[in-house]
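User: I'd like to learn how to read a model like this one. Could we go through it feature by feature?

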Amino acid sequence: MITRSATSQDISALVELDEQSAPVDAIDGVEARILDKPDLLEWMLQHDGIVVAIDEGRVVGYVLSHVVKWMHGIPELVWLEHIGVHPDFRRRGVALALLEAVSSKYHGRASCLHASIHPKNLASLRLMARLHAETGERVLAYVQLSSPTRAI
Ligand SMILES: CC(C)(COP(=O)(O)OP(=O)(O)OC[C@H]1O[C@@H](n2cnc3c(N)ncnc32)[C@H](O)[C@@H]1OP(=O)(O)O)[C@@H](O)C(=O)NCCC(=O)NCCS
């Protein structure tokens with residue numbers, strides 16, 4: 001298995017992988033697809049934000065990330081937008097290899113990786129624990145800027 005930066009030629013394989021994983025990964029019956037957004041994929045590719053894991057020529061995992069200038073007072077922080085591994089290839093170190101690649105990629109440019117994880121996503125929480133991540137509970141808030149005070 002190798003890791004490398006994704007190119008536009010990987011798009012269909014990435015979308016297929018996302019489709020195959022979404023039903024398996026549904027939490028509370030909700031399938032959370034991430035790669036069904038062409039704009040997101042395009043932006044990530046333009047910013048070299050996708051690393052893929054390849055096993056015998058097949059895309060079996062991916063990680064989306066980009067650098068945020070400031071977050072929680074931390075400068076140049078790597079935001080982990082998503083990481084996914086094909087259900088048949090899990091628990092083989094693919095996610096660790098992807099995150100190792102992310103770490104190398106941003107070496108010298110950023111010092112910390114930040115992720116938001118659903119509290120029921122045990123695999124992802126365990127993965128972060130394996131990386132000795134500091135964790136804490138926060139409430140996510142999304143305010144629609146088109147009408148921020150309408151509900152007040
Ligand atoms: C989370 C996910 C990316 C992990 O990928 P993976 O390739 O299976 O992870 P790895 O094999 O590299 O696991 C590394 C370590 O993480 C922990 N871990 C990973 N999956 C685990 C699970 N299902 N249960 C318990 N621990 C787990 C273990 O400590 C593991 O080391 P070990 O196998 O030596 O015990 C994968 O389960 C996945 O794609 N989930 C669906 C998508 C998702 O939820 N992404 C995260 C959104 S933030």
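**Around the ligand**

Analyst: Sure. This is a predicted model. Let's begin at the ligand: 22 residues surround it, and Arg90, Val94, Ala95, Ala123 and Arg126 are the closest.

User: Which element gives the largest share of the shell around the ligand?

Analyst: That's H4, with six residues. Helix H4 covers 122–130, and S4 and H3 also supply at least two shell residues each.

User: And how do the shell residues divide into nonpolar, polar and charged?

Analyst: Ten are nonpolar, six polar and six charged.

User: Now the core. What's the general idea there?

Analyst: In soluble globular proteins, nonpolar side chains tend to be buried together. Here, the largest nonpolar core has 23 residues, and Ile50, Val51, Tyr62, Val63 and Leu98 touch the most other members. At least two core residues come from each of H1 (11–24), H2 (38–46), S2 (50–55), S3 (58–71), S4 (74–85) and H3 (94–105). H3 provides the largest share, five residues.

User: What is Tyr62 in contact with, leaving aside its neighbours within four places in sequence?

Analyst: Ala6, Leu14, Leu17, Ile50, Val51, Val52 and Gly84.

User: How do I read the overall fold?

Analyst: Start with the order of elements. From the N terminus, the chain runs β-α-α-β-β-β-α-β-α. Its radius of gyration is 16 Å, close to the 15 Å the globule rule gives for 152 residues, so the chain is as compact as a globular protein of that length. Then look at sequence separation: among contacts with a separation of 6 or more, 61% involve residues 24 or more positions apart.

Technical notes: Residues are numbered from 1 along each chain as its sequence is written. This is a predicted model: local features need pLDDT of at least 70, side-chain atom pairs count only at pLDDT 80 or more; totals for chains, interfaces and linings use all residues. A nonpolar core is a set of buried Ala, Val, Leu, Ile, Met, Phe, Trp, Tyr and Cys residues joined through C-beta atoms within 7 Å. A residue is buried if 20 or more other C-beta atoms lie within 10 Å of its own, exposed if 12 or fewer, and partly exposed in between; C-beta atoms are placed from the backbone. Helices (H or I, at least four residues) and strands (E, at least two) are DSSP runs, numbered from the N terminus. Two residues are in contact if their C-beta atoms, placed from the backbone, lie within 7 Å. A residue is near a molecule or strand if its C-beta atom, placed from the backbone, lies within 6 Å of it. Ala, Val, Leu, Ile, Met, Phe, Trp, Tyr, Cys and Pro count as nonpolar, Asp, Glu, Lys and Arg as charged, and the others, Gly among them, as polar. The radius of gyration is taken over C-alpha atoms; the globule rule is 2.2 Å times the number of residues to the power 0.38.
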